[in-house]
Amino acid sequence: MFDHQPALLDGLQVLDLTRLLPGPLCTMLMGDYGAAVLKVEDIFTGDFTRAVGDSTSGAGSLFWQLNRNKKSVALNLKKKRGKQILRQLAAKSDLLVESFRPGVMERLGLGYEELSADNPALVYVSISGYGREGSYRERAGHDLNYTALTGLLDLSAAPGGAPVMPAVQIADIGAGSLTALAGIFMALYAREKSGRGCHVDVSMTRGLLPWLVYAAALLGGGLSPGRESGHITGAYCCYNIYETKDGHYMSLGALEPAFWQNFCRAVKRPEWVELQFNQDAQEELSEKVSALFLEKTQAEWTELFAGHDACCEPVLDLAAAADHPLAQEQDFWIEVARPGGPSQKQPGFPLLFSRTSGKVQLPPPLLGEHTGEVLFSLGYTRDDLRKLAEEAVVAIPS
């Protein structure tokens, strides 16, 4: 129904120098909504995710999940002419996103100061683990380390238990990809008023700070923000996970008193209503609620609570979640295929707009698939392209 409408980000030119997960997801989401994203990869292996996962679609399955709606140019930034080409591309771009360690782009002569001299309107985004300032700026890290150092990981534990390994990349995606998107559009809005771009420093550790607001509220109120207190930490029976008769689980999120009352009515336990936030009663109540959920299968509990406004839903594995009516009705998942090749199921578009929608315009590119097209647009000839390939400045697919 939206196909006749212009894409939301139509005309936005994005130069993507990122690899792995946080940056590529950020730029892909812009591509989904119409931005022209040019992925710059090294001429030898390209993005490391090309080698991660099943490669039956022409590249690693993780690469496919993160790089639809992009074109690829393979460029050697250690060569003088490679740097020259990147400067030409940056001069025509609205946005550059990079995810090298702090200092790498400057050492290449491709930092913000250098590129903004040619294009003052350029918004230049740097995504790193610990940001561009301070003693940790060049320190190696991954998602688990960032959550550990902010206190977030310690909050992810059963009462009295060890921290639980997160199943998804909270810092990479929540504090990297999505925080970068927020910074990008703040910078673009500011540019609309001033005409000048800026350098956006995205630290995946700093980006976790908004995730800590609830725990910080407890800490500021003189309470321990750990698992032994707080309404959403598992310390109260009304907000917890329970095993069912068939070894599956149900999530109970009856945090507000009205929902807890509905839950108690649904399971015919009116005497539990007044115990919702009684700390002294939680241990005994937990045993009773846990025993109750073991009386029925997950399917039986799901059917029962479908008729009650009690915030009780099944814990689904990923395959079941993709087949769930909610996902089917709202197109949570999409199929992306290379022409003549197999398709891959991917998470779809996270935002809905009244006048347009996300769309798959391009499958994930082969390494350097659009190198020729891009260089021709800059005025290079076929002889130039051949010489640049011979000099290992660029790479083109065989």
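The secondary structure of this chain comes to 16 helices and 12 strands, and the model in which they appear is a predicted one. Taken along the principal axes, the C-alpha atoms fill a box of roughly 80 × 50 × 40 Å. Of the 398 residues in the chain, 43% count as buried.

**The chain as a whole**

- Among the contacts in the chain with a separation of 6 or more, 68% are accounted for by residues that stand 24 or more positions apart.
- The chain exposes about 20600 Å², and 56% of that area is supplied by carbon and sulfur atoms.
- There are 36 positive and 47 negative side chains, and the centres of these two sets lie 10 Å apart.

**A buried residue in helix α3**

- Alanine 90 belongs to helix α3, which covers residues 80–91.
- With a relative accessible area of 1%, alanine 90 counts as buried, because the cut-off for that class is under 20%.
- When residues up to four places away in sequence are not counted, alanine 90 touches Leu15, Leu115, Asn119 and Leu122.
- Alanine 90 and valine 123 are 33 residues apart along the chain, and their C-alpha atoms are separated by 10.0 Å.

**Helix α10 and what covers it**

- Helix α10 runs over residues 257–266, and its buried residues are Trp260, Asn262, Phe263, Cys264 and Ala266.
- The cover over these buried residues of α10 includes strand β8 together with the helices α11 (282–293) and α12 (298–305).

**Two residues with a positive phi**

- Most residues other than glycine have a negative phi.
- Lysine 268, which comes just after α10, takes a positive phi of about 60°, and this residue is found in the loop between α10 and α11.
- Lysine 268 has a relative accessible area of 66%, and it is therefore classed as exposed, since that class begins over 50%.
- Leucine 20 also has a phi near 60°, a positive value in a residue other than glycine, and its place is the loop between β1 (13–17) and α1 (22–32).
- The relative accessible area of leucine 20 is 39%, so this residue counts as partly exposed.

**A patch of negative charge and the loops beside it in this account**

- Glu243, Asp246, Glu300 and Glu303 gather on the surface in a patch of negative charge.
- Aspartate 246, one of the residues of this patch, is found in the loop between β7 (239–243) and β8 (249–253).
- Because its relative accessibility is 35%, aspartate 246 counts as partly exposed.
- Threonine 297 has its place in the loop between α11 and α12, and, leaving aside its neighbours within four places in sequence, it is in contact with Thr244, Lys245 and Asp246.
- Measured by position in the chain, threonine 297 and glycine 23 are 274 residues apart, and from C-alpha to C-alpha they are 42 Å apart in space.

**A nonpolar patch on the surface**

- Ile241, Tyr249 and Val315 make a nonpolar surface patch of about 270 Å².
- Valine 315, one of the residues of this patch, is found in the loop between β9 (312–314) and α13 (318–323).
- At 38% relative accessibility, valine 315 is counted as partly exposed.

**Histidine 231 in its loop**

- Histidine 231 has its place in the loop between α9 (213–220) and β7.
- With a relative accessible area of 35%, histidine 231 is partly exposed.
- Not counting residues up to four places away in sequence, histidine 231 touches Tyr214, Tyr236, Tyr239, Leu255 and Phe277.
- Histidine 231 and leucine 17 are 214 residues apart in sequence, and the distance between them in space is 42 Å, taken from C-alpha to C-alpha.

Methods: Residues are numbered from 1 along each chain as its sequence is written. This is a predicted model: local features need pLDDT of at least 70, side-chain atom pairs count only at pLDDT 80 or more; totals for chains, interfaces and linings use all residues. Side-chain values use heavy atoms; hydrogens and water are left out. Patches are made of residues with over 30% relative accessible area and no salt bridge: like charges are joined within 9 Å, nonpolar side chains (Val, Leu, Ile, Met, Phe, Trp, Tyr) within 5 Å. Accessible areas come from the Shrake-Rupley method with a 1.4 Å probe; for residues, only the protein chains shown count as cover. A salt bridge is a side-chain nitrogen of Lys or Arg within 4 Å of a carboxyl oxygen of Asp or Glu. Lys and Arg count as positive and Asp and Glu as negative; His and the chain ends are not counted. The place of a charge is taken as NZ of Lys, CZ of Arg, CG of Asp or CD of Glu. Helices (H or I, at least four residues) and strands (E, at least two) are DSSP runs, numbered from the N terminus. Buried means under 20% relative accessible area, exposed over 50%, partly exposed in between (1.4 Å probe, protein chains only). Contact means heavy atoms within 4.5 Å.
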